[in-house]
Amino acid sequence: MENFASVVRKLFQATTAPDVLNFATGSPANASIPLEEIRELSRDILEQDASGYRALQYNDPQGLIDLREAVAEKLLPRRGISGAKPSQVMITQGGMETLTLSCHVFIDPGDVILIEEPSFTQAIETFKLFEANCVSVECDDNGMLMDDLAAKFDQYKPKMIYVIPSFQNPAGRTTSLERRKALAEFANARDVILLEDDPYVELRYHGEDLPSIKSFDKNGNVIFCNSFSKIFSPGMRLGYLFADEEIISHVYDAKTATNSHVAVYNQMLAAEYLKRGMFENRIGFIRDLYKHKADVAAASIVKYFPEGSHFVRPEGGLFFWVRLPEGCMDTTEILEHKDEFKVSFVAGAGFFVNGKGHDCMRLSFGNFSDEQIDAGMHRLGDYIKATRE
Ligand SMILES: Cc1ncc(COP(=O)(O)O)c(C=O)c1O
């Protein structure tokens, strides 16, 4: 039987052919990865016996205290969360593990999780692995529609609500300030867990930063999840979760039982990166880098895609979510021909749990040069136009 994961694999079809431009994977730009700083930090850590052995030994399942302190002092205040204690932070194996650990703690087979329409395919995959039923809530440009959320809540009695508030994957939308407050109030009033997954928040290139949903949480229903993949290195596999100590204690047990803890060496590198002010020095450069790439991608979609194609310019992040006009081929079918036009993308259907999205595609521009973005959109646009009825 074909399960959701194998369907998703087909939709991604992350290509191995070297001449195919892979706009499917949401990789950050190589230039955003602080290679020089990591070289320097690696030397410092390994030079001294004490720090070298510390890096190579077992450590606390909750994560290295230095990194938890750095998250509480350097990252969470940027999200409107002040006074966070390191005891409320759990270091995870990438952002993805914040989701699996939360499911270990809260989800039993058959439970319902309310997700945005559309939502992140891999999150849906994770939720399905735990045998949860995902039900999507309608959204507008400001995030989840509160009326639909309330109706679905009453109908399905969900265990969890999953929200990606900034430059949402895949739709690119940002949950407005009002909606953030309303979501926190809703989670508190209905006493339901809300997972706030915010890996792109630092990649804002237009508009004003907004406080997190978690910053409005009065009763501890919101779990704030984040990742170091887009601000440090995806290969290091680092993420974190911030929640009340009671929740952290359950997550701690799940983490211990699955893989003990995250690589200490990687945690030490990230902690020093934050503590030495390297992150603050670099984040402006990263934002400018993506602002430029997003401009190039937007211009080439407008130039090459069929008239009537629709996309909303995101205020940050790494993706464009494009809806093709009527008469175009289903994007899953277009993807099957990728070797002809040598561009890969994610077909829209994998981001929906209700059969929609066949006219949509997600295009990631993060790790390509201007020339590659222009050439890729040109080839893809021409192919789509040629197959249009
Ligand atoms: C919404 C969302 N959550 C979580 C993740 C996982 O991040 P990581 O690579 O750190 O596991 C991603 C990565 O693309 C994402 O888009």
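**Reading the ligand site**

In this predicted model, the ligand is surrounded by 14 residues, and the closest are G95, D197, Y200, S227 and S229.

User: What makes D197 a polar contact of the ligand?
Analyst: Happy to walk through it! An N or O atom in the D197 side chain is 2.5 Å from a nitrogen atom of the ligand. The cut-off for a pair of N or O atoms is 3.5 Å, so this pair counts as a polar contact.

User: What about Y200 and S229, which ligand atoms do they meet?
Analyst: Y200 places a polar side-chain atom 2.4 Å from an oxygen atom of the ligand. For S229, an N or O atom of the side chain is 2.6 Å from a ligand oxygen atom. Both pairs are within 3.5 Å, so they count as polar contacts too. As for cover, the ligand exposes 390 Å² when taken alone, and the protein buries 90% of that.

User: Which space does the ligand take?
Analyst: That space is the largest pocket.

User: How do you know what classes of residue form the shell?
Analyst: Good one! Sorting the shell around the ligand by class gives six nonpolar, five polar and three charged residues. Gly counts as polar here, so G95 belongs to the polar class.

User: What makes domain 1 and domain 2 contact partners?
Analyst: The assignment gives domain 1 as 4–26 + 282–387 and domain 2 as 35–279. Their C-alpha centres lie 26 Å apart. Contact means heavy atoms within 4.5 Å, and 28 residues of domain 1 are in contact with 33 residues of domain 2.

Terms used
Residues are numbered from 1 along each chain as its sequence is written. This is a predicted model: local features need pLDDT of at least 70, side-chain atom pairs count only at pLDDT 80 or more; totals for chains, interfaces and linings use all residues. Side-chain values use heavy atoms; hydrogens and water are left out. A residue is near a molecule or strand if one of its heavy atoms lies within 4 Å of it. A polar contact is a pair of N or O atoms within 3.5 Å; within protein, one must be able to donate a hydrogen and the other to accept it, and residues adjacent in sequence count only if both atoms are side-chain atoms. Accessible areas come from the Shrake-Rupley method with a 1.4 Å probe; for residues, only the protein chains shown count as cover. On a 1 Å grid over the protein atoms alone, a cavity is a set of points where a 1.4 Å probe fits but cannot get out, and a pocket is an open set with protein on both sides within 12 Å along at least five of seven lines; lining residues have an atom within 4 Å of a point. A molecule sits in a cavity or pocket if more than half of its atoms lie within 2 Å of its grid points. Domain bounds come from an automatic or database domain assignment.
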